[in-house]
Amino acid sequence: MDEISEALADPQTVTHPAVYDALLTRIRREAPLRWMTPEGFRPFWLVAKHADLLEVESRADIFLSAPRTELIPRKEEEQIAAATGGNQQMMRTILHMDGAEHRAYRGLTQPAFMPPNLCKLEAGITAIAKEYVQRMVELGDACDFVKDIAVWYPLRVILLLLDLPPEAAPEILRLTQNFVERKDQNIVGEGPSEQVAVQSAQEILDYVSKLYESRKAAPGDDLASVIATAKIGGEPISPFEAMSYLLLVVTAGHETTSATTAGGMLALLQNPGELERLQADLTLLPGAVDEMLRWVSPVKHFFRTAVQDYELRGQKIKAGDSLMLCFPSANRDEEVFADPFSFKIDRKPNPHTTFGYGPHACLGQHLGKMEIRILLKEILENFDGLQLAGEPAWVATTFAGGLKTLPIRYRRRQLPG
Ligand code: HEM
């Protein structure tokens, strides 16, 4: 048994950040392009260096996103294949497409995520951020920053994009947490993970199918309507692809943004000098958000599959081999980031890979950054004395996630006038 492969495929490893960091540092030092053979999974190459990750992502003609996108146990893959008639995934989103098809599907929603449209959303997002500041005030001088604030805020922004009412938040939170965080038994309860995976995917697909039907019948000008009525080459996209698209929008921007917001808050509390500097000069916020993204790296990997032989870092990748792009490792690469284990709000340059790179680079990256910036500004303007008030804990995952609890303490700031 290969202990490094086992540790990387163990969802518990990320719940001990020092252990996870040490594991990736060791991999970068000893074998940065490493053949991994965890038991119960199909083997793969681990891409741990920043330069290699960018090379693989930019050669999207050779390294395809389909069919393997994330690390799934063989047993779960078999259950999914049985439930879908042979597919490797329960859905088919733009993350699972390549080439011209990917460009066409991505193009359907791209304008909604570009800065001109985001400007229109800024006032709505600020109003939601103010609501959560008010929530912190109501909670007195302490809260669990994850459970009370960070999981709700990005979800409310997604509801705004999809024109769903705020009351839908608890149900969507339950569905997305079951689906995305299914490896953390504390959150999803007992049960063999492969069954939980299929059930949770089915439940959330049922939810988006109702959304799809309602928007198709009576479209508005929200993102769900754009997807439900989308056409490619004059033909409507299939209901399955539309529902998959909706599912991606609901899940992709939630867990990731909330993990970065909470992990960024923890980084500030653990680096009080940086917190003080930021609070004194909020023009540092955009840089601080980028450093939080590098620091937290909430997406742990995506896969690519080679369609032809390719030489990378002196090793031969064979056609059919799959590769795990390890974003958190690239973000601590000593050859790219000076002092990579220090959290510096004014790090320059900061070429982090948190949103990926190349044709699949995160579509929601401007939105994600804007959300985090707006919430932090509101919090830093309204509170001081921010500090840790208990032990943080992390969600067990191999794919995407962050803190599941972050007890903090704070004081309402006395504003001049
Ligand atoms: C801090 C927040 C976020 C992080 C860290 C993040 C990270 C990522 C990563 C790593 C990818 C894959 C990139 C690749 O394969 O090269 C991705 C893709 C994607 N993200 Fe995000 N994301 C975030 C927020 C959002 C938001 C707010 C949305 C929208 C509501 C969103 C929507 C998408 C979509 C649609 C894709 C698929 C793009 C494609 O395959 O062409 N993301 N994201």
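**View 1. Polar contacts between the ligand and its surroundings.** In the side chain of Arg106, an N or O atom sits 2.7 Å from an oxygen atom of the ligand. The side chain of Glu57 likewise has an N or O atom 2.6 Å from a ligand oxygen atom. From Tyr357, a backbone N or O atom lies 3.3 Å from an oxygen atom of the ligand. This is a predicted model, where local features need pLDDT of at least 70 and side-chain atom pairs count only at pLDDT 80 or more, while totals for chains, interfaces and linings use all residues. Residues are numbered from 1 along each chain as its sequence is written, and side-chain values use heavy atoms, leaving out hydrogens and water.

**View 2. The shell around the ligand.** Here are the 27 residues around the ligand (each with a heavy atom within 4 Å of it). Glu57, His102, Arg106, His360 and Cys362 come nearest. By class, the shell holds 15 nonpolar, 9 polar and 3 charged residues; Ala, Val, Leu, Ile, Met, Phe, Trp, Tyr, Cys and Pro count as nonpolar, Asp, Glu, Lys and Arg as charged, and the others, Gly among them, as polar. Helix H14 gives the most to this shell, with 3 residues.

**View 3. Val157 and its neighbours.** Val157 belongs to helix H8, residues 153–162 (helices are DSSP runs of H or I, at least four residues, numbered from the N terminus). Why does Val157 count as buried? Because its relative accessible area is 1%, and buried means under 20% with a 1.4 Å probe, protein chains only. Leaving aside residues up to four places away in sequence, Val157 touches Ile125, Ile128, Leu367 and Glu371, with contact meaning heavy atoms within 4.5 Å.

Notes
Helix = DSSP H or I, 4+ residues; strand = E, 2+ residues; numbered from the N terminus. Buried < 20%, exposed > 50% of the residue type's maximum accessible area, 1.4 Å probe, protein only. Polar contact = N/O pair within 3.5 Å; in protein donor to acceptor, adjacent residues only side chain to side chain.
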